[in-house]
Amino acid sequence: MNKKLFNKKTITLFVMIAVLQTTACGKYYYFENYTEDVFETEMLIDSFDRFTYLHEGNSRLCTNYEGIFYISNSDASGKIQNDKIWYYDYSTGNSGVWCSNVSCNHDSRECAAYVNSDYIYVEWSDGYIYKVDSDDSGIYFMRYNQDGTGETKIVNLLDGISGNVEINFGRVYNNKFFYCLTDDENKYNFYCAFLNENNNKEYLFSLDKSSNSVSMSGFFINDNCIYVSSAQYMAENYKYKRVVYLYSFYNKEVREVVSRDDYYRTCANDYLYFFTQSKELFKVREGGFIEEISPGKFKEINDGQYGIYCNENYIVIIEDFSEKYFWNSNSRMIYIYNIAEDILKGISIGEIRANNGVSTDICASVSEGVQDDDNYLQSGSAMDFVSKYGLTGNYCILYSDIDNRYYFIDLESVLKENVKTYFVEIK
């Protein structure tokens with residue numbers, strides 16, 4: 001049985017990006033000589049969607065508003081180790097493995113911080129930490145106290161399910177864990193597990209994926225419904241048809257609410273948002289009604305490809321990683337939109353580094369002399385790539401693979417004259 005959850009490896013992202021080309025207006029260009037290899041690689045862009053956040057949720061990063069829980073596979077010296085949950089405390093500025101047992105080696109499932117590399121997931125909710133782990137009896141959604149004690153198996157996610165099944169998405173909301181399974185019958189099957197009841201889960205609905213040309217890229221929940229964002233590659237015109245489905249908790253029905261091929265990604269808080277190639281931001285209201293937000297406001301941002309993610313108060317629109325950033329991402333733009341005040345501000349990666357006294361030439365020594373080395377390029381080692389985005393509390397967080405720092409953008413400062421940024425060097 002194939003049982004993998006959120007296994008997002010950055011090397012896969014580099015391989016994907018290497019085959020992606022952009023035009024001057026920022027639209028995807030699909031190769032005229034269509035091949036199965038190209039198709040499968042392009043598909044991965046959606047299956048590894050980096051902009052699917054709702055109410056602080058994502059797979060590698062979460063907050064309890066006093067610090068950050070994050071998953072890392074390196075120790076203080078940079079040596080690669082098993083994936084573990086680490087905790088960075090805002091008040092002290094200290095970072096360490098999330099484990100209160102001073103005699104623990106943090107190298108086995110006996111440690112609360114241990115993370116199976118097939119199940120990359122950490123979440124905070126209502127004072128508890130959640131992760132996914134497995135043993136000989138199944139794959140479990142696990143709960144812990146914030147100090148790592150009180151381990152509890154909440155539910156066996158595959159209990160009563162047979163066949164070749166893969167776990168794809170998961171999100172905690174309203175004291176439930178919502179997740180999606182794919183099976184051999186070309187179905188996406190959605191379930192929810194109740195966090196306050198032992199080993200109790202409920203089947204919700206299914207979507208037919210019919211062929212490998214359909215990729216699920218977003219999974220959002222609010223009090224009224226679930227939004228599912230998907231993409232279908234159309235070989236006849238080398239484009240994606242992007243579709244958003246809505247499942248209502250009230251009538252238990254699934255229907256299509258968005259179907260178009262001119263937007264990049266989706267994100268959601270109580271509403272679903274999508275950003276088009278024409279630099280328009282849309283909100284999907286109850287009943288599927290689509291409304292453009294502040295027409296014309298987003299035309300001022302740079303041409304390019306964009307992904308979006310949001311929480312209740314902010315929408316972040318970030319220029320996606322493309323060929324022009326292979327060697328240097330300093331000019332890559334991040335735009336922060338304050339929803340209530342209708343204010344939009346932009347800042348570049350270079351500005352963030354400069355504001356924190358970090359040289360904007362940091363990638364030069366890494367990339368020098370290797371531009372023509374295809375093997376080195378494919379490995380991703382030479383690229384100035386910023387990954388692991390997240391909205392957590394009042395911050396937008398970026399992680400730079402080149403200088404090994406987490407950069408924090410103070411979202412509240414968007415209302416002021418200058419956008420404030422901070423950084424934490426991870427050792």
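**Entry 1: a hairpin**

I began with strand β9 (residues 138–145) and strand β10 (residues 152–156), which run antiparallel and are joined by four bridges. I keep in mind that this is a predicted model. Next I picked out one position in β9 and β10: Met 142 has Lys 153 in β10 as its bridge partner. Then I looked at the turn. Six residues stand between the strands of this hairpin. Gly 148 takes a positive phi there, near 90°.

**Entry 2: salt bridges**

How many salt bridges does the count come to? I noted five. I followed up three pairs, beginning with one that involves Lys 153 from the hairpin.

Asp 135 forms a salt bridge with Lys 153, and their closest N and O atoms are 2.5 Å apart. This pair links distant parts of the chain. Asp 135 is in strand β8 and Lys 153 in strand β10, 18 residues apart. I checked how covered the two are. Asp 135 is partly exposed, with a relative accessible area of 35%. Lys 153 also counts as partly exposed, at 36% relative accessibility. So I have two notes on Lys 153: it is the bridge partner of Met 142, and it forms a salt bridge with Asp 135.

Then I turned to Asp 133. Which residue does Asp 133 form a salt bridge with? The answer is Arg 109, with the closest N and O atoms 3.0 Å apart. Asp 133 lies in strand β8, while Arg 109 lies in the loop between β6 (95–97) and β7, so the pair ties together parts that are 24 residues apart in sequence. Is Asp 133 buried or exposed? I found Asp 133 buried, at a relative accessible area of 9%. Buried means under 20% here, so 9% meets the cut-off. Arg 109 is partly exposed, with a relative accessible area of 36%.

The last pair I looked up was Glu 291 and Arg 285. Their side chains meet in a salt bridge of 2.4 Å, N to O. Glu 291 is partly exposed, with a relative accessible area of 27%. Arg 285 counts as partly exposed at 29% relative accessibility. A general note for this entry: side chains of opposite charge can pair when their charged atoms come close.

**Entry 3: positive phi outside glycine**

After Gly 148 I looked for positive phi in other residue types. Asp 126 has a positive phi of about 50°, although it is not a glycine. Where does Asp 126 lie? I placed Asp 126 in the loop between β7 (122–125) and β8 (128–135). Asp 126 is exposed, with a relative accessible area of 60%.

Asn 175 went on the list too. Its phi is near 65°, a positive value in a residue other than glycine. Asn 175 lies in the loop between β11 (166–173) and β12 (176–182). At 30% relative accessibility, Asn 175 counts as partly exposed.

**Entry 4: a charged patch**

I moved to the surface. Which residues form a negative surface patch? I wrote down Asp 223, Asp 270, Glu 286 and Glu 312. I traced one of them along the chain. Asp 223 lies in the loop between β15 (214–221) and β16 (225–234).

**Entry 5: three C-alpha separations**

I took Ile 336 to begin with. This residue lies in strand β25 (residues 333–338). Ile 336 is buried, with a relative accessible area of 0%. The C-alpha atoms of Ile 336 and Val 419 are separated by 9.6 Å. Along the chain, Ile 336 and Val 419 are 83 residues apart.

Next came Lys 283, found in strand β21 (residues 281–284). Is Lys 283 buried or exposed? At 13% relative accessibility, Lys 283 counts as buried. Its C-alpha atom and that of Ala 268 are separated by 9.0 Å, and Lys 283 and Ala 268 are 15 residues apart along the chain.

I finished with Gly 357. This glycine lies in the loop between α3 (349–355) and α4 (364–367). Gly 357 is exposed, with a relative accessible area of 72%. The C-alpha atoms of Gly 357 and Phe 423 are separated by 9.8 Å. Along the chain, Gly 357 and Phe 423 are 66 residues apart.

Key
Residues are numbered from 1 along each chain as its sequence is written. This is a predicted model: local features need pLDDT of at least 70, side-chain atom pairs count only at pLDDT 80 or more; totals for chains, interfaces and linings use all residues. Side-chain values use heavy atoms; hydrogens and water are left out. Patches are made of residues with over 30% relative accessible area and no salt bridge: like charges are joined within 9 Å, nonpolar side chains (Val, Leu, Ile, Met, Phe, Trp, Tyr) within 5 Å. Accessible areas come from the Shrake-Rupley method with a 1.4 Å probe; for residues, only the protein chains shown count as cover. A salt bridge is a side-chain nitrogen of Lys or Arg within 4 Å of a carboxyl oxygen of Asp or Glu. Lys and Arg count as positive and Asp and Glu as negative; His and the chain ends are not counted. The place of a charge is taken as NZ of Lys, CZ of Arg, CG of Asp or CD of Glu. Two strands pair if DSSP finds at least two bridges between them. Buried means under 20% relative accessible area, exposed over 50%, partly exposed in between (1.4 Å probe, protein chains only).
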